[in-house]
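Subject: Structure handover

Hello,

Here is the structure you are taking over. My notes on it follow below.

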Amino acid sequence: MKNLSRSFSLSLVAAGLLASGAASAQSLAIVNATLHTSTEQGVLQNASIVMDNGKITAINPTQVQADKVIDVKGQIVTPGFISSINQLGLVEVSAVAGSRDAGEEKAGIGFDVSLAYNAHSSLIPYARKGGVTRDVITPHGGDSIFSGLASVVDLSGSFDSDIQKQAALIVYLGERRKGSRAFTLQTLINKLEEHQTKASKKSKKDDDSKPSTEDKVMAKVLSGDMPLVVGVSRAADIIELLKVKKQFGINLVLNGAQDAVVVKEKLAQAQVPVIISAMDSLPSSFDSLHASLDNAAVLEKAGVKVILTVGGDASHNIYQLRFDAGNAVSYGMSQQGALNAVTSNVADVFGINAGSLEVGKAADVVVWSNDPFELSSHVSKMIINGEEVSTRSRQDKLRDRYTTDSTMPRAYTK
């Protein structure tokens with residue numbers, strides 16, 4: 001009888017916890033907004049958006065019904081920005097080896113860098129200040145041309161962060177400090193041929209053996225279900241990769257690609273997206289002689305799907321993605337094209353259910369004080385998966401610590 005009573009009590013506690021969890025999941029609506037949807041609907045004035053259970057449930061309903069309604073009084077509302085090709089959550093201080101987890105000399109095709117992702121990294125709130133709600137984190141380095149697998153993470157800062165693993169296979173080709181670039185490209189071709197042949201033989205033999213991680217990844221690459229993101233710059237190398245795409249039918253995405261403007265018509269025809277930094281203004285090598293501030297605009301006008309990323313130490317500077325997009329606009333890219341390049345285009349390429357304001361998409365929504373690409377603007381409110389999150393960063397805390405009046409010595413607060 002004693003055990004029965006204890007079980008009944010535990011059941012009541014569990015039921016209470018479930019009830020409290022359900023109560024905290026409030027529906028949310030934003031009204032009187034200027035919605036930049038990143039869809040065919042374009043910009044909607046005096047519009048409303050409703051979110052529930054982490055998803056967008058309505059755009060401009062005839063009657064708004066939600067547990068919480070936020071009147072933004074005409075402010076601009078966009079999808080949360082999606083950054084890419086960086087090591088956010090995988091590095092804290094670049095100069096401290098123990099805080100770097102994005103690279104491994106022995107890494108290869110199956111290297112899953114998301115296993116080291118730290119949702120409590122101090123860099124994440126700072127990225128949120130720039131309107132970024134999701135990120136495509138990528139491995140780098142290693143002896144192999146295959147750096148490993150990209151993953152998509154939300155920037156909620158929770159240990160329960162949504163992580164979409166195996167979002168892409170990352171490869172780096174082009175110039176080498178030692179050896180020939182021809183060898184690296186041949187290595188890629190050989191690997192594709194090896195797994196294409198292996199898959200063909202297995203289907204004929206009706207082989208029931210368990211496939212390895214590499215087998216699974218390469219099968220997805222060869223079927224086009226997983227993007228192959230190749231870091232490359234020189235136009236001649238890009239031409240060779242287009243031949244590889246045609247031969248194997250892979251879902252090719254170019255990263256870096258400063259020379260992409262030279263072959264822009266071919267890229268548009270082959271429907272190959274390009275990930276670039278809008279701030280690449282000068283050649284850093286003989287492979288990137290065509291680096292220019294107007295490359296994003298040139299590619300957009302040619303019909304190439306463009307994704308904007310932050311160059312250099314991107315992990316610590318994701319906040320500036322919106323400024324880079326603004327610079328791309330100042331050098332000829334359309335305002336809508338720049339917005340798509342940090343939202344819907346990223347979502348399309350990496351299969352992310354976010355990046356646009358439409359029913360069924362993840363409720364990643366940002367309210368801005370003004371044009372998000374303007375230096376003076378800031379995030380008024382941020383919502384990730386339907387929940388409001390803070391944009392207060394370590395930098396804000398340090399500012400408050402060093403400027404707060406106190407009877408204690410400077411830099412100390414009560």
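How much space lies in the largest pocket? About 1,100 Å³. Please keep in mind throughout that this is a predicted model.

Largest pocket

The lining of this pocket comprises 45 residues, and I85, H140, Y172, G231 and N255 are those nearest its centre. Sorted by class, the lining has 24 polar, 13 nonpolar and 8 charged residues. Four strands each supply at least two lining residues: β6 (81–86), β10 (228–232), β11 (252–256) and β12. Of the elements, β12 gives the most, with 3 residues.

Cavities

There are 2 cavities of 30 Å³ or more in the structure. The largest has a volume of about 60 Å³. Its lining is made up of G256, A257, Q258, A260, V261, I276, S277, D280, A291, S292, N295 and L299. Two elements, β12 (274–277) and α7 (295–301), give two or more residues to that lining. Strand β12 therefore appears in the linings of both the largest cavity and the largest pocket. By class, the largest cavity is lined by 6 nonpolar, 5 polar and 1 charged residues.

The second largest cavity holds about 40 Å³ of space. L173, G174, R181, T184, L185 and D237 line this second cavity, with 2 residues in each case being nonpolar, polar and charged. Helix α3 (residues 181–205) provides the largest share of the lining, 3 residues.

Helix α5

Helix α5 (residues 235–248) has 14 residues, and at 1.5 Å a residue it should span 20 Å; the end C-alpha atoms are 20 Å apart, so the model agrees with the expected value. Which residues of α5 are buried? They are A235, D237, I238, L241, L242, V244, K245 and F248. Viewed down the helix axis, these buried residues fall within an arc of 160°, so they line one face of α5. As background, an α-helix has 3.6 residues a turn, so residues three or four places apart point the same way. D237 is buried in α5 and is also one of the residues lining the second largest cavity. After α5 comes G249, with a positive phi near 70°.

Aromatic contacts

The count of aromatic pairs is 4. One of them joins Y126 and Y319, which are stacked at 5.0 Å centre to centre with 25° between the planes. Y126 belongs to helix α2 (residues 123–128) and Y319 to the loop between β13 (306–309) and α8 (321–330), so this pair ties together parts 193 residues apart in sequence. Y126 counts as partly exposed because its relative accessibility is 23%, and the buried class stops under 20%. Separately, F81, W368 and F373 form one aromatic cluster.

Backbone points to check off

Most residues other than glycine have a negative phi. Two residues to note here are S38 and N385. S38 has a positive phi near 60° and sits in the loop between β1 (28–36) and β2 (43–52). Is S38 buried or exposed? With 9% relative accessibility, S38 counts as buried. N385 is not a glycine either, and its phi is positive at about 55°. The place of N385 is the loop between β15 (379–384) and β16 (387–389). N385 has 25% relative accessibility and so counts as partly exposed.

Regards

Conventions: Residues are numbered from 1 along each chain as its sequence is written. This is a predicted model: local features need pLDDT of at least 70, side-chain atom pairs count only at pLDDT 80 or more; totals for chains, interfaces and linings use all residues. Side-chain values use heavy atoms; hydrogens and water are left out. On a 1 Å grid over the protein atoms alone, a cavity is a set of points where a 1.4 Å probe fits but cannot get out, and a pocket is an open set with protein on both sides within 12 Å along at least five of seven lines; lining residues have an atom within 4 Å of a point. Grid points are joined across faces, edges and corners, and a volume is the space filled by probe spheres set on the points. Ala, Val, Leu, Ile, Met, Phe, Trp, Tyr, Cys and Pro count as nonpolar, Asp, Glu, Lys and Arg as charged, and the others, Gly among them, as polar. Rings of Phe, Tyr and Trp (its six-membered ring) pair if their centres lie within 6.5 Å; planes under 30 degrees apart count as stacked, over 60 as edge-to-face and the rest as tilted. Buried means under 20% relative accessible area, exposed over 50%, partly exposed in between (1.4 Å probe, protein chains only). The expected span of a helix is 1.5 Å times one less than its number of residues. The arc is that of the directions from the helix axis to the C-beta atoms.
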